[in-house]
Amino acid sequence: MAELGPVADKATSYFYALLFVRHPDLRELFPAAMDTQRDRLFKALLAAAQHVDDTATLTEYLSRLGRGHRKYGTLPAHYPAVGECLLAALSRYASVTWSEATEAAWARVYTAVSQIMIDAAAEDEVRAPAWWQAEIVGHERRTRDIAVVTVRPDQPYPFLAGQYTSLETPWWPRVWRHYSFSAAPRPDGLLSFHVKAVPAGWVSNALVHRARPGDVLRLGPPTGSMIVDHSTDNGLLCLGGGTGIAPIKALVEDVAEHGRRRPVEVFYGARHDDDLYDIDTLLSLQRSHPWISVRPVVSDGPTRCLSGELPHIVRQYGPWNAYDAYLSGPPGMIRSGVDTLVGIGIPPHRIRHDSIDELPEFTS
């Protein structure tokens, strides 16, 4: 792995070139432009190899990956081809340390990796479709570049507040992006997402500027572990930055629907006052439930709200020793937020956020 690190980009390019030359039928499983997708599969395989001795972590990670890959059309027969090209790429770019023993070890790892993913996909196939069709029934522009998109799935879509899904538009086939559910599960089965169009964001720009009611999207399975623990009376300390407020709102609704008066403190961060596009909804929840407190925080420009960086503002309040923390927003905000919360004494196991590598689409 140390030898491979400095040339990982070359190894990745070679891996895909080999895969598509030797197995051209697999090309259709990938998007036309490989800029985002290119590194994901290769990095996932390397990450799995590094955790091969941690059976529990490896199984959880790969099972989720195997279930998620169903939406791409991945079949058990595809795995040997990927393994063959993976070993070829590794042997070419880790030639100094490559040996028969190394090859045998990688073969064992890949066999284990692929079997966990195949088994998870087969188990998931019994109880859920590979993807859901979802018709857009609502498209509300909140700002010039933010829209709330509401969809009706073609069949029941089970999920938990705080989770997210992968989404494909008809304009960019096989390009999937992550978005959080912005509401707790509803009786009518509708799902809503907050989408911000960002530069060079193919999916986000299509959803904000092009999508209209009647358009049909595809949804992958729900995922994510940033969910409320309803077995405890701990308060909730919620930090939501930008469109990261979407799953925070869903968590607040979830607590309200369970009818328990747990203290919920929401810090809603944005650059400018005008970027607090969902503040009215949160303030309405605060008026309906006195145990909810909402504090908008603005980092740039004049404001009538709290002024400063979100994690630093949170530090000024508290104490938070009786709270579980939930963070959602850009990766930088989550990293600084976690550091701040650990620094003021919240144990890491009570700080919840989704994997930085799998965050919903805040930047693309």
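## The main nonpolar core

In this predicted model, the largest nonpolar core has 36 residues, and F15, L19, L62 and L90 are the ones that touch the most other members. Five helices give two or more residues each to this core: α1, α2 (38-50), α3 (55-68), α4 (79-93) and α5 (100-127). Top of that list is α4, which gives the most, with nine residues. That kind of grouping fits a familiar trend: in soluble globular proteins, nonpolar side chains tend to be buried together.

Take L19 as a way in. Once its neighbours within four places in sequence are set aside, L19 is in contact with P24, L26, F30, A81, V82 and C85. A second core lies apart from the main one; this other core has 25 residues, including I146, Y268, W291 and I292.

## How α1 sits on α4

Two packed helices are described by the angle between their axes and the distance between the axes. For α1 and α4, the axes come within 9 Å and cross at roughly 140 degrees. Angles over 145 degrees count as roughly antiparallel, and α1 and α4 are therefore oblique to each other. As for handedness, α1 and α4 make a right-handed crossing.

On the α1 side, the residues that meet α4 are K10, A11, Y14, F15, L18, L19 and R22. Facing them from α4 are A81, V82, E84, C85, L86, A88, A89, R92 and Y93. Sorted by class, this α1 and α4 contact has twelve nonpolar residues, no polar ones and four charged ones. F15 and L19 turn up here and also among the residues that touch the most other members of the largest core.

Just ahead of this helix comes P6, in the segment before α1 (8-22). P6 is exposed, because its relative accessible area is 71%. Its C-alpha atom is separated by 9.8 Å from that of Y93, a residue 87 places away along the chain. Y93 is also one of the α4 residues in the contact with α1.

## How α7 sits on α8

Now for another helix pair. Helix α7 (residues 245-257) and helix α8 (residues 279-288) have axes that come within 11 Å and cross at roughly 20 degrees. That angle makes α7 roughly parallel to α8, and α7 passes α8 in a left-handed crossing.

From α7, the contact is made by I245, K249, V252 and E253, and from α8 by T281, L282 and L285. The class tally for the α7 and α8 contact is four nonpolar, one polar and two charged residues.

## Backbone oddities

Most residues other than glycine have a negative phi, and most peptide bonds are trans. A few spots in this chain go the other way. R174 is not a glycine, yet it has a positive phi of about 65 degrees. R174 is found in the loop between β3 (164-168) and β4 (176-180), and counts as partly exposed at 30% relative accessibility.

A200 is another case, again not a glycine and again with a positive phi of about 65 degrees. The loop that holds A200 runs between β5 (191-196) and α6 (202-210). A200 is exposed, with a relative accessible area of 70%. Then there's the peptide bond from G318 to P319, which is cis, with omega near 5 degrees. P319 lies in the loop between α9 (310-315) and β11 (323-328).

## Two loop residues and their company

T223 lies in the loop between β6 (216-219) and β7 (235-241). Loop or not, T223 is buried, because its relative accessible area is 16% and the cut-off for buried is under 20%. Leaving out its neighbours within four places in sequence, T223 is in contact with R64, Q163 and Y164.

D215 is found in the loop between α6 and β6. With 21% relative accessibility, D215 counts as partly exposed. If residues up to four places away in sequence are not counted, D215 touches A134, E135, I136, W171 and R210. A32 is 183 residues from D215 along the chain, and the C-alpha atoms of the pair are separated by 21 Å.

How values were computed. Residues numbered from 1 in each chain as written. Predicted model: local features only at pLDDT ≥ 70, side-chain atom pairs only at ≥ 80, totals over all residues. Heavy atoms only, no water. Axes fitted to C-alpha atoms, helices over the stretch in contact; angles between N-to-C directions. Helix = DSSP H or I, 4+ residues; strand = E, 2+ residues; numbered from the N terminus. Parallel < 35°, antiparallel > 145°, perpendicular 65-115°, else oblique. Left-handed = near helix turned anticlockwise from the far one by under 90°. Contact = heavy atoms within 4.5 Å. Nonpolar A, V, L, I, M, F, W, Y, C, P; charged D, E, K, R; others polar. Buried < 20%, exposed > 50% of the residue type's maximum accessible area, 1.4 Å probe, protein only. Core = buried A, V, L, I, M, F, W, Y, C linked by side-chain atoms within 4.5 Å.
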